[in-house]
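Hello,

Here is the structure I promised to pass on to you. Please open it beside this message and follow along as you read.

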Amino acid sequence: MSRPEGPAAAQEPMGRPFTVLMACLLLSSLGNGLCFPFTAIYLSELLGLGPGAAGGYFVAMAAASFTAALLGGPLADRGGPHRVGAAGAAALAAGYGLLAPASSLVPVLLSGACVGAGFGLFYAAIVGVVDGAVPESRRRTAFTVRHVVNNVGIGAGSVIAGLVLHGAGAPVTALRWLYVANAAAALPLLAVILSMRPRGEAAAREAAADGTAGPGYRALLRSRPMALLICAQALFAVVGFTQIEATVPLLMHDRMAVTLGWVSVVTAVNSFALVVLQPPARRWFERLPETVSLAAGPVLWAVAFGCGLLAVVLDGTGGPVLRYTLLICFAVVFAAGELTYSSAFYPLLLSWSGEASVGRASALASLAWNLGTATGPPLGLLLVTHVPAAGSWAALAAGAGVAFAVAAAAHRAAPRA
């Protein structure tokens, strides 16, 4: 795909549709943040349904998400991503709305299926929706902003939920209202997506009328660059995002005697750094080829994990000040790696899939992400349980090295202009 070049293209405005879309995505992400840390506790303990019900909810959600993503990809390619994305938002609203009054297993399982279907459909469509909301020259910025908005929304929602639930006399009632709020927060996103007409929809309709279609799942995966890109997505989830969310907090607390307060500070610094670094980092990252920017992400993560390793190795000589300084450095450098990933992955996915197969490619990326997020936490837990702190940080850095190797292979396999 050709791209405008030069200063004029670089300053091309994002446009009002993108701004409205991001505002609604922020609201929806904030709604998700209100609930997701508490769902297992809510179902198992507060509703008294036991761990089996909580497990059933997440199994139903995973199965529905997998199925919906596979079905939603071709639907997004044929009928336009806005319809599929709106259907996903509607399913999310319905699922969270069902969970609010739930008191038995059947509505819990039905809620899990709706929420899973919502996520599957939504993530099969959101790449095409975001791409259609901005000029092509601002594509990399758009996906970076989307990543930041999603993380900020979830983080803010979690803080708000914590304040609401702190000292609540009736936590079940409070959580029920939080699920209602989460359902309501998805409705503006539904409306704005449904009102959009992403770029390439007319071509998709013409192709459907002619009986032609873009490459299917098998054809996409036979393409070496695309297969490596999807593999990289799974690895980035396994060795990167799930590790900072699940493994690193446990590693700091259990193996380094870091207090829960400081664990929260490190997590908050990571989220805050995403916002602060995004404008200056964007100007630097976007000078790099997308494949180079993608490979830079795990390199920065390896450096970040190295800061954690130094915090362990130098703890006896530098004291608490040096330890916490290095952990703050870890959070900031890791955020920089997140930004390089978000500025490159989805633009590459769009370029290598072609507009006729964006939905299918997005579905594959979503499935790879789900596989990674299901695999990463158990591996991290196993690591922290059996390996000392220094060895755990070193293993995390080695995992980032594996992700870099796959991203570098994708760079070498990339089509040359």
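Below is what I found, beginning with pairs of helices and ending with single residues. Please keep in mind that this is a predicted model.

**Helix pairs**

Two packed helices are described by the angle between their axes and the distance between the axes. Let's use that for three pairs.

Start with helix α2 (residues 16-35) and helix α8 (residues 171-194), whose axes lie 8 Å apart at an angle of about 160°. Angles over 145 degrees count as roughly antiparallel, and α2 and α8 are therefore roughly antiparallel to each other. The crossing of α2 past α8 is left-handed. If you would like to see the contact, look on the α2 side for residues including Leu-21, Cys-24, Leu-25 and Ser-28, and on the α8 side for residues including Leu-178, Ala-181, Ala-185 and Leu-189. Sorted by class, this contact of α2 with α8 has 16 nonpolar and 4 polar residues, with no charged ones.

Next come helix α4 (residues 50-79) and helix α5 (residues 81-99): their axes come within 9 Å and cross at roughly 160°. By the cut-off mentioned above, α4 and α5 are therefore roughly antiparallel to each other too. Here α4 passes α5 in a right-handed crossing. On the α4 side, the residues that meet α5 are Tyr-57, Gly-72, Leu-75, Ala-76 and Gly-79, and their partners in α5 include Pro-81, Val-84 and Leu-99. The contact of α4 with α5 is made up of 7 nonpolar, 3 polar and 1 charged residues.

The third pair is α11 with helix α16 (residues 389-413), which pack at an angle of about 165° with axes 9 Å apart. Therefore α11 and α16 are roughly antiparallel to each other as well. As for handedness, α11 passes α16 in a left-handed crossing. Their contact divides into 22 nonpolar, 3 polar and 2 charged residues.

**Nonpolar cores**

Which residues have the most contacts inside the largest nonpolar core? They are Leu-21, Phe-330 and Trp-393, in a core of 87 residues. Helix α11 (residues 224-256) gives the largest share of this core, 16 residues. Try clicking on Phe-330: leaving aside neighbours within four places in sequence, Phe-330 is in contact with Ile-244, Val-248, Val-266, Ala-304, Phe-305, Cys-307 and Trp-393. Apart from this core lies another one of 24 residues, with Leu-92, Ala-100, Leu-175 and Tyr-179 among them.

**Two alanines to look at**

Is Ala-68 buried or exposed? Residues under 20% relative accessible area count as buried, so Ala-68, at 7% relative accessibility, is buried. You will find Ala-68 in helix α4. Not counting residues up to four places away in sequence, Ala-68 touches Ala-117, Gly-120 and Leu-121. The C-alpha atoms of Ala-68 and Ala-365 are separated by 13 Å, while the two residues are 297 residues apart along the chain.

Now turn to Ala-257, in the loop between α11 and α12 (260-285). With a relative accessible area of 59%, Ala-257 is exposed. Most residues other than glycine have a negative phi. Ala-257 is not a glycine, yet has a positive phi of about 55°.

Enjoy exploring, and write back with any questions.

Best wishes

Note on methods: Residues are numbered from 1 along each chain as its sequence is written. This is a predicted model: local features need pLDDT of at least 70, side-chain atom pairs count only at pLDDT 80 or more; totals for chains, interfaces and linings use all residues. Side-chain values use heavy atoms; hydrogens and water are left out. Axes are lines fitted to C-alpha atoms, for helices over the stretch in contact, and angles run from 0 to 180 degrees between N-to-C directions. Helices (H or I, at least four residues) and strands (E, at least two) are DSSP runs, numbered from the N terminus. Angles under 35 degrees count as roughly parallel, over 145 as roughly antiparallel, 65 to 115 as roughly perpendicular and the rest as oblique. A crossing is left-handed if the near helix is turned anticlockwise from the far one by less than a right angle, and right-handed if clockwise. Contact means heavy atoms within 4.5 Å. Ala, Val, Leu, Ile, Met, Phe, Trp, Tyr, Cys and Pro count as nonpolar, Asp, Glu, Lys and Arg as charged, and the others, Gly among them, as polar. A nonpolar core is a set of buried Ala, Val, Leu, Ile, Met, Phe, Trp, Tyr and Cys residues joined through side-chain atoms within 4.5 Å. Buried means under 20% relative accessible area, exposed over 50%, partly exposed in between (1.4 Å probe, protein chains only).
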